[in-house]
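I opened the notebook to record what I looked up in this structure, entry by entry. The terms are given with their cut-offs where they come up.

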Amino acid sequence: QRLAAAAAPSNDTSPPNASHPSPPTLDEYMRGYEPPPASCGPTKEEEEAINAQSLGKWFPTASVIKSSVCYSNDKVGGSAGSARSSLLLFYQYVSPPWSQSTVTNLMSHLARIARDHRTNVGGRIRVSTEGVNCTISAASTPGASEDPSFEAARTLRHLAEDLRRFDPDAFSSTDWKYIDGLSADRHFKELKLIPVKELVFYKIREEDCAGVKMSGG
């Protein structure tokens, strides 16, 4: 499913009919969508946080935001047995490349969304001037009155819309791949925002390419 730029989200927050045999439509997921505050660049504290945390030698700088919900294997049973999660996988290259300031703004924007706006998300987002590579999860929140699978799936559709609004040109044709109705223990307990130089690291040095004929395509 892709987010249509011309489709304005409805203010109707009522959930879809649970007895409906077909999956919810994008319009149903987008009911009640509330965009996050517009990105205005990172504060000094946010910029320091983005460059503060080490995830090992491959990712020396990263920003990590804990999810507001966490379901381990021993918590999925009992009262949490009805909890559900969804996954969103996608990558998006951009042309022309983003500036470094755009990368920093996107990192801080995503951190604010995860910390203050869509707190039930987790996963990993790699960001570079080339674009974005994401594996993101969302989980239903304990005590919610709506269908757990719908809540988790809706969160990821709303996050995709957040990205499209951040850069419509970059994300207007993104191939969003959703996996819904998963058990809650598939949800990542934190969101890692990782700034990288390239989305896919092949460990190839420039000097190793000497004499190699490159083909276009």
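Entry 1, a tyrosine and its patch. I looked up Tyr93 and found that it counts as partly exposed because its relative accessibility is 42%, where partly exposed lies between buried (under 20% relative accessible area) and exposed (over 50%), with a 1.4 Å probe and protein chains only. Tyr93 has its place in strand β2 (residues 84-93), strands being DSSP runs of E of at least two residues and helices runs of H or I of at least four, numbered from the N terminus. Together with Tyr91 and Val200, Tyr93 makes a nonpolar surface patch of about 310 Å²; such patches take residues with over 30% relative accessible area and no salt bridge, joining nonpolar side chains (Val, Leu, Ile, Met, Phe, Trp, Tyr) within 5 Å and like charges within 9 Å.

Entry 2, what the values rest on. I note that this is a predicted model, in which local features need pLDDT of at least 70 and side-chain atom pairs count only at pLDDT 80 or more, while totals for chains, interfaces and linings use all residues. Residues are numbered from 1 along each chain as its sequence is written, and side-chain values use heavy atoms, with hydrogens and water left out.

Entry 3, a peptide bond. I checked the bond that joins Ser95 and Pro96 and found it cis, with omega about 5°; Pro96 is found in the loop between β2 and α3 (100-117). Most peptide bonds are trans.

Entry 4, helix α3. I compared its span with expectation: the 18 residues of α3 should span 26 Å at 1.5 Å a residue, and the end C-alpha atoms are 25 Å apart, which agrees, the expected span being 1.5 Å times one less than the number of residues. The buried residues of α3 include Leu106, Met107, His109 and Arg112.

Entry 5, salt bridges. I took a salt bridge as a side-chain nitrogen of Lys or Arg within 4 Å of a carboxyl oxygen of Asp or Glu, and by this rule the count comes to 9. Asp162 and Arg118 form one of these, with the closest N and O atoms 2.6 Å apart. This pair links distant parts of the chain, 44 residues apart, with Asp162 in helix α4 (residues 148-166) and Arg118 in the loop between α3 and β3 (121-128). Both Asp162 and Arg118 are buried. I also found Arg154 in a salt bridge with Glu146 (2.6 Å, N to O), and Arg154 is buried because its relative accessible area is 18%.

Terms used: Areas by Shrake-Rupley, 256 points an atom, 1.4 Å probe, with all protein chains shown as cover.
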